[in-house]
Amino acid sequence: MTRRSHFQRLLLLAASTTVIAGGAVLPSSAMAATAAPHTATVTTVASDHDAHRQHGSPASAKQWVETTDAVSGIKFRLPGKPEVMQFTQAVDGMNGRLYKVRTDNGVIVFAVFDLPRAQGELDDALRGLVDGYNAGTQSPKHKLSSTDVHKITVHGQPGLDARLSAPDGAAGSARLIAGDAHFIEIISLGPKGKEKPMQETYQQLLASVHDPHAHATRAD
């Protein structure tokens, strides 16, 4: 099996952990990953400090949690303690960790895959993400599509930004980053009427990401 097929399969699994807007949840049988509650090093960040800094936005009303992906050293902050899933080479064809938080407004996903130099696979990754999500939906009105897709550069690393939407009004965003050492996937998705608070939460998450590999690359 090629690295690309491994990668696409992992994106399908990652997509299957995302909550379908409107309350439906993808079947657990779609996920081959195993729970890994000790993969992340988690410390609590004071919520009142966030609320003051972010002017009391809906996303900052909850307690934010700073998380370190132990394998990569990548740090980021989520609006609550995440559920953590682990992908393994033996079971899934690749190692990776996925962190998911459900809020009152939707779901946030941050995933780190141990796949270096995958910039040529960004488009395939986005297709795999959308196809994997849609494979678990029970109604056409829940099926996602990606729009406003454009290439970006994040601290010298190639990436891809996209908007996500479904006929039922669900909306969100996705960012994929192909680093020298790891592949990062960041997703937000919320039901109709929750796009603004979810976008605020998503932007706060993006601003919090610290990838030591990216900074080392940029400094060279």
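This is a short tour of the structure above, stop by stop, with something to select at each one.

**The whole protein**

Start with everything on show, and keep in mind that this is a predicted model. Colour it by secondary structure and you should find six helices and eleven strands. Now switch on a surface: about 9,900 Å² is exposed, and carbon and sulfur atoms supply 52% of that. Of the 220 residues, 52% count as buried. Contacts across the sequence are worth a thought too. Taking those with a separation of 6 or more, 55% are between residues 24 or more positions apart.

**Helix 5**

Select residues 195–208, which make up helix 5. What span should its 14 residues have at 1.5 Å a residue? The expected figure is 20 Å, and the C-alpha atoms at the two ends are 20 Å apart, so the two agree. Next, show the side chains and pick out the buried ones: Pro 197, Met 198, Thr 201, Tyr 202, Gln 204, Leu 205, Leu 206 and Ser 208.

**Two hairpins in a row**

Move on to strand 8 (residues 145–154) and strand 9 (residues 157–165), which pair in the antiparallel sense over eight bridges. To see one partnership close up, select Ile 152 and its bridge partner in strand 9, Gly 159. The two strands form a hairpin with two residues between them. Click on His 155 in that turn, where phi is positive, at about 50°.

Now follow strand 9 onward to strand 10 (residues 171–178); these run antiparallel as well, joined by seven bridges. Here Ser 165 stands opposite Ala 171 of strand 10. This is a hairpin too, with five residues between the strands. Gly 169 sits in the turn, and its phi is positive at about 100°.

While you have strands on screen, try showing their side chains. In a regular strand, they alternate between the two faces of the sheet.

**Aromatic rings**

Hide the rest and show the rings of Phe, Tyr and Trp. How many aromatic pairs are there? The count comes to three. One of them is Phe 76 with Tyr 99, an edge-to-face pair at 5.2 Å centre to centre, with 65° between the planes. Phe 76 belongs to strand 4 (residues 75–78) and Tyr 99 to strand 6 (residues 96–103), so this pair links parts of the chain 23 residues apart. Both residues are buried.

Then select Phe 87 and Phe 113. Their ring centres are 6.0 Å apart and their planes meet at 70°, which makes this pair edge-to-face. Phe 87 lies in strand 5 (residues 83–87) and Phe 113 in strand 7 (residues 106–113), so the pair ties together parts 26 residues apart in sequence. Are these two buried or exposed? Phe 87 is buried at 2% relative accessibility, and Phe 113 is buried at 0%.

Before you leave the rings, add Phe 110 to your selection: with Phe 76 and Tyr 99, it forms one aromatic cluster.

**Last stop: Ser 72**

Finish in the loop between strand 3 (64–69) and strand 4, where you'll find Ser 72. Its relative accessibility is 4%, so it counts as buried. Show side chains and look for the polar contact between those of Ser 72 and Asp 69, at 2.6 Å. Leaving aside residues up to four places away in sequence, Ser 72 touches Arg 97, Val 112, His 182, Pro 212 and His 213.

Conventions
Residues numbered from 1 in each chain as written. Predicted model: local features only at pLDDT ≥ 70, side-chain atom pairs only at ≥ 80, totals over all residues. Heavy atoms only, no water. Helix = DSSP H or I, 4+ residues; strand = E, 2+ residues; numbered from the N terminus. Buried < 20%, exposed > 50% of the residue type's maximum accessible area, 1.4 Å probe, protein only. Contact = heavy atoms within 4.5 Å. Areas by Shrake-Rupley, 256 points an atom, 1.4 Å probe, with all protein chains shown as cover. Expected span 1.5 Å × (residues − 1). Phe/Tyr/Trp six-rings, centres within 6.5 Å; stacked < 30°, edge-to-face > 60°. Pairing = 2+ DSSP bridges. Polar contact = N/O pair within 3.5 Å; in protein donor to acceptor, adjacent residues only side chain to side chain.
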